[in-house]
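Work through the exercises below with the model open beside you. Try each task before you read its solution.

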Amino acid sequence: IYVLLGADGWLFYAEDGAIEDMAQAEPFTADELAAWRATVTRTRDWLQARGIAYVFTVAPDKHAIYPEAIPPTVRRIGRASRTDQLLEALADTGVTIDVRPALLDAKPRERLYHQTDTHWNARGAYAAYRVLVDRLHGARPRVPAPWPRSDFEDTERQTLGRDLAGMLGLTYTLGERDLGLRPIRARRAQVIEIGRA
């Protein structure tokens with residue numbers, strides 16, 4: 001497993017074309033973009049015919065939001081990322097949402113991704129959630145509006161290293177602060193975790 005050590009303890013997944021994606025080195029072909037477009041428009045049309053709200057987004061990889069933490073040995077050589085290409089190719093479908101601006105807007109206030117994991121943390125997920133649910137609510141008012149941030153309290157706890165640290169065998173060595181959110185109003189749905197009664 002290939003993991004990159006970035007600045008200030010940030011780890012980045014580097015398998016499955018991740019390095020090429022960071023470098024913007026392998027753009028989509030015209031055929032690949034056409035296949036994506038066909039899939040998204042077919043899904044949109046099927047759901048629309050049934051009155052179901054639909055939006056399409058790409059959850060940004062950590063390096064798209066924290067490029068300054070990527071090791072300097074990885075340099076961008078392409079003009080556009082595959083996400084840029086895809087969202088541009090789908091721009092006229094009426095269903096795409098680019099959540100990157102919301103994440104970049106929230107980034108100066110708090111860390112949005114785990115340092116030792118491939119994923120965003122609860123605060124990053126919240127930034128994307130607001131944009132996505134706001135659009136769904138606008139398209140179908142029966143979809144509840146997104147909860148405001150004031151309906152959550154910040155949480156913070158020290159944790160063991162997460163998935164990237166585990167890939168290196170350093171789960172117990174590379175811990176991090178998990179920046180979370182806890183709802184302070186009652187949920188309308190019940191959360192049931194598998195294996196727990």
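## Exercise 1: The whole protein

Task: Describe the surface, the box and the order of elements of the protein.

Solution. Start with the surface. The protein has an accessible surface of about 12100 Å². Carbon and sulfur atoms account for 53% of that surface. Keep in mind that this is a predicted model.

Next, take the box. Along the principal axes, the C-alpha atoms fill roughly 50 × 45 × 35 Å.

Now list the elements. The protein holds seven helices and four strands. Read from the N terminus, the order is β-β-α-α-α-α-α-α-β-α-β.

Then look at burial. The protein has 197 residues, and 38% of them count as buried.

Finish with contacts and charges. Take the contacts between residues at least 6 apart in sequence: 67% of these join residues at least 24 apart. There are 27 positive and 27 negative charges, and their mean positions lie 7 Å apart.

## Exercise 2: S81 and the helix after it

Task: Is S81 buried or exposed, and which residues does S81 touch?

Solution. First, find the place. S81 sits in the loop between α3 (62-65) and α4 (82-89).

Second, apply the cut-off. Buried means under 20% relative accessible area. S81 has 11%, so S81 is buried.

Third, look for polar partners. A polar atom of the S81 side chain lies 3.0 Å from the backbone nitrogen of D84.

Fourth, look further along the chain. Leaving out residues up to four places away in sequence, S81 touches Q24 and R100.

Last, move on to α4. Its buried residues are T83, Q85, L86 and L87. The buried residues of α4 pack against α2 (30-48) and α5 (100-106).

## Exercise 3: Two positive phi angles

Task: Where are D8 and Q24 found, and is each buried or exposed?

Solution. Begin with D8. It is found in the loop between β1 (3-5) and β2 (11-13). Its phi is positive, about 55°, although D8 is not a glycine. Exposed means over 50% relative accessible area. D8 has 74%, so D8 is exposed.

Turn to Q24. It lies in the loop between α1 (18-23) and α2. Q24 is not a glycine, yet its phi is positive at about 55°. At 12% relative accessibility, Q24 counts as buried. Recall that Q24 is one of the residues S81 touches.

## Exercise 4: D151 and its partners

Task: Which residue has a side chain in polar contact with that of D151?

Solution. Locate D151 first. It is in the loop between α6 (122-139) and β3 (152-159).

Check burial next. The relative accessible area of D151 is 14%, so D151 is buried.

Now find the partner. The side chains of D151 and R185 are joined by a polar contact of 2.9 Å.

Then list the contacts. Beyond four places away in sequence, D151 touches R182, P183, I184 and R185.

## Exercise 5: Aromatic rings

Task: How many aromatic pairs does the whole structure have?

Solution. Search the whole structure: there are seven aromatic pairs. One pair is W147 with F152. The ring centres of W147 and F152 are 5.6 Å apart, and the planes meet at 40°. Planes under 30 degrees apart count as stacked and over 60 as edge-to-face. The angle falls in neither range, so this pair is tilted. W147 itself is buried, with a relative accessible area of 14%.

End with the cluster. W10, Y66, Y113 and W120 form one aromatic cluster.

Technical notes:
Residues are numbered from 1 along each chain as its sequence is written. This is a predicted model: local features need pLDDT of at least 70, side-chain atom pairs count only at pLDDT 80 or more; totals for chains, interfaces and linings use all residues. Side-chain values use heavy atoms; hydrogens and water are left out. Helices (H or I, at least four residues) and strands (E, at least two) are DSSP runs, numbered from the N terminus. Buried means under 20% relative accessible area, exposed over 50%, partly exposed in between (1.4 Å probe, protein chains only). A polar contact is a pair of N or O atoms within 3.5 Å; within protein, one must be able to donate a hydrogen and the other to accept it, and residues adjacent in sequence count only if both atoms are side-chain atoms. Contact means heavy atoms within 4.5 Å. Accessible areas come from the Shrake-Rupley method with a 1.4 Å probe; for residues, only the protein chains shown count as cover. Lys and Arg count as positive and Asp and Glu as negative; His and the chain ends are not counted. The place of a charge is taken as NZ of Lys, CZ of Arg, CG of Asp or CD of Glu. Rings of Phe, Tyr and Trp (its six-membered ring) pair if their centres lie within 6.5 Å; planes under 30 degrees apart count as stacked, over 60 as edge-to-face and the rest as tilted.
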